[in-house]
Amino acid sequence: WCESSSSSDAFAQHESTGSRNFIVNPSGEEGTRGWRPILDRWGQSEMWQVENMELRVDQHTQTNFVSSYSWASMMQTVPLHEYVRDPSSVQIEVSAKFMGRSDCPSLFFMQTVVKDSNGRILHRVGTSQLSAPAGFWEKANLTIDPVIGAHEVSMIVYGKDSRFWSGNFGSKVCHCSVRVLCDEDELGNILIGPGNNAQMERQRRLKFDALIPLAFFIFLAWLLSD
């Protein structure tokens, strides 16, 4: 299902508990690294561009993607199987924040595709075609219930202006996100990386701390043997 919410206060939006964001370069802070355009039937594509953010979405983000007069598209695939123990058992949230200009109406929509290990599409869902608001960032949200056989999930965002103006006057997007939704205390059991890494680091430190007294007694015995 799709949920869209907006707030005049861009700094105060509730976020459901879950994992970190698995999307690389979610707001164009590294150009278009991690993203690729979607080719149309004629093999053509219009890639999103990156600009400095005019209306700040938060205190840290300084850039956003921006579209032009024809449909811009870009996709990023998250290898869910590399982050999650059982990708078939988790609920996934795909979201982004988007807005437009006050002098040029624009459009935005977002899709999500879940595939199995053979690249076969198991589930596809998208928002409707949304009018990008001027003056504030709006959040588009897709929540995907567990999909049997899930292996990877792709996020695709589209945008354009409605007046065919030459230049980058179309909808803007930032904070592109793919996360696993769950309670914080469940993360260690669900995720392969963060939960296990923390546990392994803790175990490594405990073993190291346990070896210190042993090393001291060995060193002391060596000194006394002389």
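Start by selecting H175, which lies in strand β11; helices (H or I, at least four residues) and strands (E, at least two) are DSSP runs, numbered from the N terminus. The model is predicted: local features need pLDDT of at least 70, side-chain atom pairs count only at pLDDT 80 or more, and totals for chains, interfaces and linings use all residues. Residues are numbered from 1 along each chain as its sequence is written, and side-chain values use heavy atoms, with hydrogens and water left out.

Stay on H175 for a moment. Its phi is near 50°, a positive value in a residue other than glycine. At 22% relative accessibility, H175 is partly exposed. Here buried means under 20% relative accessible area, exposed means over 50%, and partly exposed is in between (1.4 Å probe, protein chains only).

Next, select S27, in the loop between β1 (2-6) and β2 (49-52). Is S27 buried or exposed? S27 has a relative accessible area of 3%, so it is buried. Which residues does S27 touch, leaving aside its neighbours within four places in sequence? S27 is in contact with T61, T63, N64, F65, C174 and H175, where contact means heavy atoms within 4.5 Å. The last name in that list, H175, is the residue in strand β11 where the tour began.

Now select N25, which also lies in the loop between β1 and β2. Phi of N25 is near 60°, again a positive value in a residue other than glycine. N25 is buried, at 3% relative accessibility.

Move to V113 in strand β6 (residues 106-115). V113 counts as buried, with 5% relative accessibility. Apart from neighbours within four places in sequence, V113 is in contact with I121, H123, R124, E152, V153, S154 and I156. Add I144 to the selection: V113 and I144 are 31 residues apart in sequence, and their C-alpha atoms are 9.9 Å apart in space.

The next stops are salt bridges. Side chains of opposite charge can pair when their charged atoms come close. The rule used here asks for a side-chain nitrogen of Lys or Arg within 4 Å of a carboxyl oxygen of Asp or Glu. How many salt bridges are there by this rule? The count comes to five, and three of them can be visited in turn.

- Select E93 and R179: they form a salt bridge, with the closest N and O atoms 3.1 Å apart. E93 lies in strand β5 (residues 91-99) and R179 in strand β11, so the pair ties together parts that are 86 residues apart in sequence. E93 is buried, with a relative accessible area of 4%, and R179 is buried at 4% relative accessibility.
- Select D103 and R101: the closest N and O atoms of this salt bridge are 2.9 Å apart. D103 is partly exposed at 34%, and R101 is partly exposed at 23%.
- Select R120 and D116: their side chains meet in a salt bridge of 3.2 Å, N to O. R120 is exposed, with a relative accessible area of 54%, whereas D116 is buried at 10%.

For the last stop, select D185, in the loop between β11 (172-181) and α1 (187-190). D185 has a relative accessible area of 66%, so it is exposed. Then add D183, E184 and E186, which together with D185 form a negative surface patch. A patch of this kind joins like charges within 9 Å, using residues with over 30% relative accessible area and no salt bridge.

Terms used: Patch = residues over 30% accessible without salt bridge, like charges linked within 9 Å, V, L, I, M, F, W, Y side chains within 5 Å. Areas by Shrake-Rupley, 256 points an atom, 1.4 Å probe, with all protein chains shown as cover. Lys, Arg positive; Asp, Glu negative; His and termini not counted. Charge placed at Lys NZ, Arg CZ, Asp CG, Glu CD.
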